[in-house]
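User: I'd like a close look at a single part of this protein, one loop residue and what surrounds it. Could you walk me through it and then work outwards to the rest of the chain?

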Amino acid sequence: MVTFLSAGAGGAPPPAFLLFEPNLKCSNSRRLTMWARRDFPDFLPKQVEKIKDPYARKLASRIERVPVNFSKDHVMSSVVKPKEQKEANPVVLLHGFDSTCLEWRYTLPFLEEAGLETWAIDILGWGFCDLEKLPSCDVASKRDHLYQLWSTYIRRPMVLVGPSLGSAIAIDFSLNYPEAVDRLVLINPSVYSKGTGNLATLPKAVAYAGVYLLKSIPIRLYATSLAFNGLPLSTCIEWTNIGRLHCLLPWWEDATVNFMISGGYNVIDQIEHVKHKTLIILGEDDHIIDYKLGVRLHCELPNATLRQIPKCGHIPHVQKPDVVSRLIAEFVQSDQLQRVKTDCLNHLCSCDDFGYLYKQPVSPPSLQFRDITLVVGPFPEPCA
């Protein structure tokens, strides 16, 4: 059975080393010189050092930039690579609108503990990619960037996980590059908006003013409190600081305005064409995406399963990471378990009155989830 990490596991990060000048003699007239070790990549904003959340700190320390050929040049793109490669198809985690791979600070360790090869990728224009030479950040560019990253480093059909707007990104990508996707996981999907709407027609000066307001602490704090129900103020402030780190990069405003005036994602007419097996995960108390839209998506996708998490808001993979990781792991490994069961049955033969015996020693099917009880529901009635 898989042993998942406890929600309180991990502990505080190790204290910074204090480096003293060798053979330095202390005196009242002389101060010791010391330096704090930097535990994070140099390209992250220095404010990351103020983050207290041990999971965010640990994941931030794993972020790296890799070159991705794009737009006749290359972009140094930010990713969290898996700790080890697996034979099975990998899980690739996207993030939502104007966010980063740090969204997955709690869920990614659970998925790795479940034995899944897990990547976390920053979408072009958000996250911590190097955009000093600002490329276009419209839908086509985001799609091409993701494909180039996949074809360079992953090169196997992936389980593509998209929360919120990331669901629209996942749907758009799966239809344009079906060979790159094994199946989809859509979390509190935001797929019925018609792009950025009237925001696409704003004068640039007004667009920049709105984007500048978007990164302000009061607006971000309000958005965080709306996404997570009943969150203590101290936690809300910490999560707000984590969520706006990428806004402190010098090209964030330009990239966000570029996406806004490009029109954004509109995949409404594409949904029915998605043939990949899909898992939809909904938070019962989501105050941003209407539950009815999740049910509608379940009806329109031809090969979808829907699960609901009670007492959970808009970002389940942050609020209920243990449940989300279990649902994803079961969904990913379901076919693998079925294949193992089939292989075992193929080794059975009928014999005497004692029933069935194995022709040769065979390991029984994996029962790693047999002791896990998921509290999810209620489920909608099947659609006609």
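Analyst: **A loop residue and its surroundings**

D98 sits in the loop that runs between β3 (91-93) and α2 (107-113); helices (H or I, at least four residues) and strands (E, at least two) are DSSP runs, numbered from the N terminus. Please keep in mind that this is a predicted model, in which local features need pLDDT of at least 70 and side-chain atom pairs count only at pLDDT 80 or more, while totals for chains, interfaces and linings use all residues. Residues are numbered from 1 along each chain as its sequence is written, and side-chain values use heavy atoms, with hydrogens and water left out.

Is D98 buried or exposed? With a relative accessibility of 4%, D98 is buried. On this scale, buried is under 20% relative accessible area, exposed is over 50%, and partly exposed lies in between (1.4 Å probe, protein chains only).

Which residues does D98 touch? Leaving out residues up to four places away in sequence, they are W126, L214, R220, H246, C247 and W252, where a contact means heavy atoms within 4.5 Å. With one of these partners there is also a polar contact: the side chains of D98 and W252 come to 2.8 Å. A polar contact here is a pair of N or O atoms within 3.5 Å; within protein, one must be able to donate a hydrogen and the other to accept it, and residues adjacent in sequence count only if both atoms are side-chain atoms. D98 also brings together distant parts of the chain: its C-alpha atom is 8.8 Å from that of G243, although 145 residues separate the two along the chain.

Now follow the shared neighbours to K215. R220, C247 and W252 appear among the contacts of both D98 and K215, and K215 touches R244 and E253 as well, again not counting residues up to four places away. K215 lies in the loop between α5 (204-214) and α6 (217-227). K215 has a relative accessible area of 18%, so it counts as buried. Its side chain makes a polar contact of 3.1 Å with the side chain of E253.

R220 leads us into a helix pair, since it is one of the α6 residues that meet α7. The α6 side of that contact is I217, R220, L221, T224 and S225, and they face C236, I237, W239, T240 and G243 of α7. G243 is the residue whose C-alpha lies 8.8 Å from that of D98. Helix α7 covers residues 233-243, and it packs on α6 at an angle of about 115°, with the two axes 9 Å apart. Axes are lines fitted to C-alpha atoms, for helices over the stretch in contact, and angles run from 0 to 180 degrees between N-to-C directions. The α6 and α7 crossing is right-handed; a crossing is right-handed if the near helix is turned clockwise from the far one by less than a right angle, and left-handed if anticlockwise.

Elsewhere in the chain there is another helix pair to look at. Helix α3 (residues 139-154) packs on helix α4 (residues 165-176) at about 70°, with axes 10 Å apart. The two are therefore roughly perpendicular, a label for angles of 65 to 115 degrees, whereas under 35 is roughly parallel, over 145 roughly antiparallel and the rest oblique. This crossing is right-handed. V139, R143, L146 and Y147 of α3 make the contact with D172, F173 and N176 of α4.

For contrast with buried D98, consider R155, in the loop between α3 and β5 (158-163). R155 is exposed, with a relative accessible area of 55%. Its phi is near 60°, a positive value in a residue that is not glycine. Most residues other than glycine have a negative phi.

Stepping back, the protein chain has 11 helices and 10 strands. Of its 384 residues, 47% are buried. Among contacts with a separation of 6 or more, 72% join residues 24 or more positions apart, and the D98 pairing with R220 is one of the contacts found here.
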